Amino acid sequence: MSKHLLTTFMKKGNILYVLLVFVGVAFSSCSHSTNKFSEENLAQNAILQQQDGTISLEVEKADTYHDVKNPESNTAEWSVLVSKSGRYDIWLSSATKDTTRLEFDNSVMLTVKDDLIEAHPSIDKVIHNSSDVSYPYFRADSFMGSLYIRDTGLYNIQVISDRILPEDEPAVHDSENATKILSVSLTPSD
């Protein structure tokens, strides 16, 4: 009789084991699909890299933070889906009236994961008749440096500067030489 009980328990034990494995796989699949959905949702809202590898980040499309008392901590942040790794040159585009110098009180910081580039922008290129600004402003492009992006995937890119101003910021319109950051571009280095 004990042999019969052992055989019955083994059969029930196998069924229990199979049932536990099935529940574990189902739970794992549900939690994996939830994480995948979150990643897919983030990726759907992310800025996509252009065909030539350029990553264009407009401040008006960023999540921004503005601090009236401490404007040097004003921040613009984007989620970016990087599809091509490699070395990138960082260009900052600003709206300015003065084409001889920019009115940045502090340096500009750009972070990509653990990499930080900090620079005090100067005018490297002046773009006349740019569709990004209207007269009496000009677009001024500043080279900030370069960095290497090792892996593809979803990245948060953040810019911190006192020149990340809200759309309705009166300083841009009232000041004679006001400067405002328009965008940041990461272009593949050759």
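A charge is said to sit over a ring if NZ of Lys or CZ of Arg is within 6 Å of the ring centre and within 35 degrees of the ring normal. In this predicted model, lysine 125 lies over the face of tryptophan 91, at 4.4 Å from the ring centre. A second arrangement of this kind involves tyrosine 155: the charged end of lysine 113 is placed over the tyrosine ring, 5.0 Å from its centre. As for rings paired with rings, one aromatic pair turns up when the whole structure is searched.

Empty space comes next. Rolling a probe the size of a water molecule over the atoms shows where such space is left. The largest pocket has a volume of about 630 Å³. Its lining is made up of 24 residues, and those closest to the pocket centre are Asp132, Val133, Ile181, Leu182 and Ser183. Several elements give two or more residues to this lining, namely strand 2 (55-58), strand 5 (86-96), strand 9 (138-149), helix 2 (170-174) and strand 11 (179-188). Strand 11 provides the largest share, with six residues. In character the lining is mixed, with nine nonpolar, seven polar and eight charged residues.

A final look goes to aspartate 52, found in the loop that runs between strand 1 (47-48) and strand 2. Is this residue buried or exposed? Aspartate 52 counts as exposed because its relative accessible area is 53%, and the cut-off for exposed is over 50%. Beyond its neighbours within four places in sequence, aspartate 52 is in contact with Lys84 and Pro188. Threonine 187 is 135 residues away from aspartate 52 along the chain, yet the C-alpha atoms of the two are separated by 8.6 Å.

Key
Residues are numbered from 1 along each chain as its sequence is written. This is a predicted model: local features need pLDDT of at least 70, side-chain atom pairs count only at pLDDT 80 or more; totals for chains, interfaces and linings use all residues. Side-chain values use heavy atoms; hydrogens and water are left out. On a 1 Å grid over the protein atoms alone, a cavity is a set of points where a 1.4 Å probe fits but cannot get out, and a pocket is an open set with protein on both sides within 12 Å along at least five of seven lines; lining residues have an atom within 4 Å of a point. Grid points are joined across faces, edges and corners, and a volume is the space filled by probe spheres set on the points. Helices (H or I, at least four residues) and strands (E, at least two) are DSSP runs, numbered from the N terminus. Ala, Val, Leu, Ile, Met, Phe, Trp, Tyr, Cys and Pro count as nonpolar, Asp, Glu, Lys and Arg as charged, and the others, Gly among them, as polar. Rings of Phe, Tyr and Trp (its six-membered ring) pair if their centres lie within 6.5 Å; planes under 30 degrees apart count as stacked, over 60 as edge-to-face and the rest as tilted. Buried means under 20% relative accessible area, exposed over 50%, partly exposed in between (1.4 Å probe, protein chains only). Contact means heavy atoms within 4.5 Å.
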